[in-house]
Every structure is written in structure tokens, then in C-alpha cells.
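Please open the model in a viewer and keep the selection panel at hand. The stops below are arranged so that each selection leads to the next.

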Amino acid sequence: IVSHEAVKVIAVAAFFYNHSLSLEEFDKCLEHTDPVIQQAAVRGISLAAPQGDPRAVAGLLRKLDNADMDVRRTAVVSLGSIAAVDDARVIEVLVDLLCDHGC
């Protein structure tokens with residue numbers, strides 16, 4: 001089991017060292033059964049991934065269908081900071097989310 005604190009440590013390590021290895025670990029945490037761990041991993045991705053990183057964006061997009069509302073919200077916020085400004089796929093998904101909720 002990975003603790004919330006461990007995920008934060010991985011994010012800090014990614015910032016200073018190798019984001020690629022940390023993203024692999026965060027990706028594993030995204031599939032954890034505990035939504036708190038999933039949310040921590042989403043936050044970690046937003047700290048570790050360079051803007052436009054396709055692997056990070058794909059992981060965050062997967063979390064938009066998560067059963068836990070906090071995980072979904074954190075994924076939306078993280079997409080805003082990680083996705084490339086001109087990423088049409090992310091823009092389309094986020095616009096669809098807005099429209100699905102009373103647009």
C-alpha cells in the first residue's frame with residue numbers, strides 16, 4: 001500500500017530527478033483501489049509531468065470517469081496544468097464535461 005506521503009515524496013523526487021520513473025509509479029497508483037491514493041497520484045502527476053506529456057495526459061483522462069468525485073475534480077484541475085494549450089482532445093473532453101453538467 002502506498003501512503004499519501006509516499007506519493008508526495010515521489011512527486012518531489014520527480015521534480016528534482018527523473019520524472020519518467022516517477023510517472024510510471026504514479027500511473028500504478030492511479031489504479032489503486034483507495035480513492036485517496038488515486039487522488040494523491042493525480043496530484044503527483046500534476047507536479048511531476050512536463051506540460052504536454054502524453055502519458056500523463058492519458059492517465060488523467062482515464063480518471064475523469066472515476067467513481068469518486070474528488071478524484072475526478074482533481075483530474076480536471078491537473079489536466080488544466082499539464083495538457084498542452086493546444087491539445088484539442090483535452091479541450092473537447094473538458095467542454096463535454098461542462099455540457100454534461102447543465103451547460
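Begin with two helices in this predicted model. Select H3, residues 35-48, together with H5, residues 69-82: their axes approach within 9 Å and cross at roughly 5°. On that angle, which is under 35 degrees, H3 is therefore roughly parallel to H5.

Next, display the side chains at this contact. From H3, select Pro35, Gln38, Gln39, Val42, Arg43, Ile45 and Ser46; their partners in H5 are Asp70, Val71, Thr74, Ala75, Ser78, Ser81 and Ile82. Coloured by class, the contact of H3 with H5 shows six nonpolar, six polar and two charged residues.

**The whole chain**

Zoom out to the full protein chain, whose secondary structure comprises six helices and zero strands. Traced from the N terminus, the order of elements reads α-α-α-α-α-α. Of the 103 residues in the chain, 36% are buried. Among contacts with a separation of 6 or more, 59% join residues that lie 24 or more positions apart.

**Helix H5**

Return to H5 and select its end C-alpha atoms. They are 20 Å apart, which agrees with the 20 Å that the 14 residues of H5 should span at 1.5 Å a residue.

Which residues of H5 are buried? Select Val71, Thr74, Ala75, Ser78, Leu79 and Ile82 to show them. Viewed down the axis, these residues cover an arc of only 145°, so they lie on the same side of H5. An α-helix has 3.6 residues a turn, so residues three or four places apart point the same way.

Now turn to the face of H5 directed away from its buried side, where the exposed residues Arg73, Val77 and Gly80 are located. To see what covers the buried residues of H5, add H3, helix H4 (54-62) and helix H6 (88-100), against which they pack.

**Arg89 in helix H6**

From H6, select Arg89. Is this residue buried, partly exposed or exposed? Arg89 is partly exposed, because its relative accessible area is 41%, a value between the limits of 20% and 50%. Leaving aside residues up to four places away in sequence, Arg89 touches Val57 and Leu61. A distance drawn between the C-alpha atoms of Arg89 and Val57 reads 9.9 Å, for a pair 32 residues apart along the chain.

**Gly52 in the loop between H3 and H4**

Move to the loop between H3 and H4 and select Gly52. Its relative accessibility is 32%, so Gly52 counts as partly exposed. Which residues does Gly52 touch, not counting those up to four places away in sequence? The partners are Ile82, Ala83 and Ala84. Ile82 has already appeared on this tour as one of the buried residues of H5. Another of those buried residues is Leu79. Its C-alpha atom is 9.4 Å from that of Gly52, and the two residues are 27 apart in sequence.

**Cys29 in helix H2**

For the last stop, select helix H2 (residues 19-30) and pick out Cys29. Cys29 counts as buried because its relative accessibility is 6%, with the cut-off set at under 20%. Finally, draw a distance from Cys29 to Ala41: the C-alpha atoms are separated by 5.8 Å, and the residues are twelve apart along the chain.

How values were computed. Residues are numbered from 1 along each chain as its sequence is written. This is a predicted model: local features need pLDDT of at least 70, side-chain atom pairs count only at pLDDT 80 or more; totals for chains, interfaces and linings use all residues. Side-chain values use heavy atoms; hydrogens and water are left out. Axes are lines fitted to C-alpha atoms, for helices over the stretch in contact, and angles run from 0 to 180 degrees between N-to-C directions. Helices (H or I, at least four residues) and strands (E, at least two) are DSSP runs, numbered from the N terminus. Angles under 35 degrees count as roughly parallel, over 145 as roughly antiparallel, 65 to 115 as roughly perpendicular and the rest as oblique. Contact means heavy atoms within 4.5 Å. Ala, Val, Leu, Ile, Met, Phe, Trp, Tyr, Cys and Pro count as nonpolar, Asp, Glu, Lys and Arg as charged, and the others, Gly among them, as polar. The expected span of a helix is 1.5 Å times one less than its number of residues. Buried means under 20% relative accessible area, exposed over 50%, partly exposed in between (1.4 Å probe, protein chains only). The arc is that of the directions from the helix axis to the C-beta atoms.
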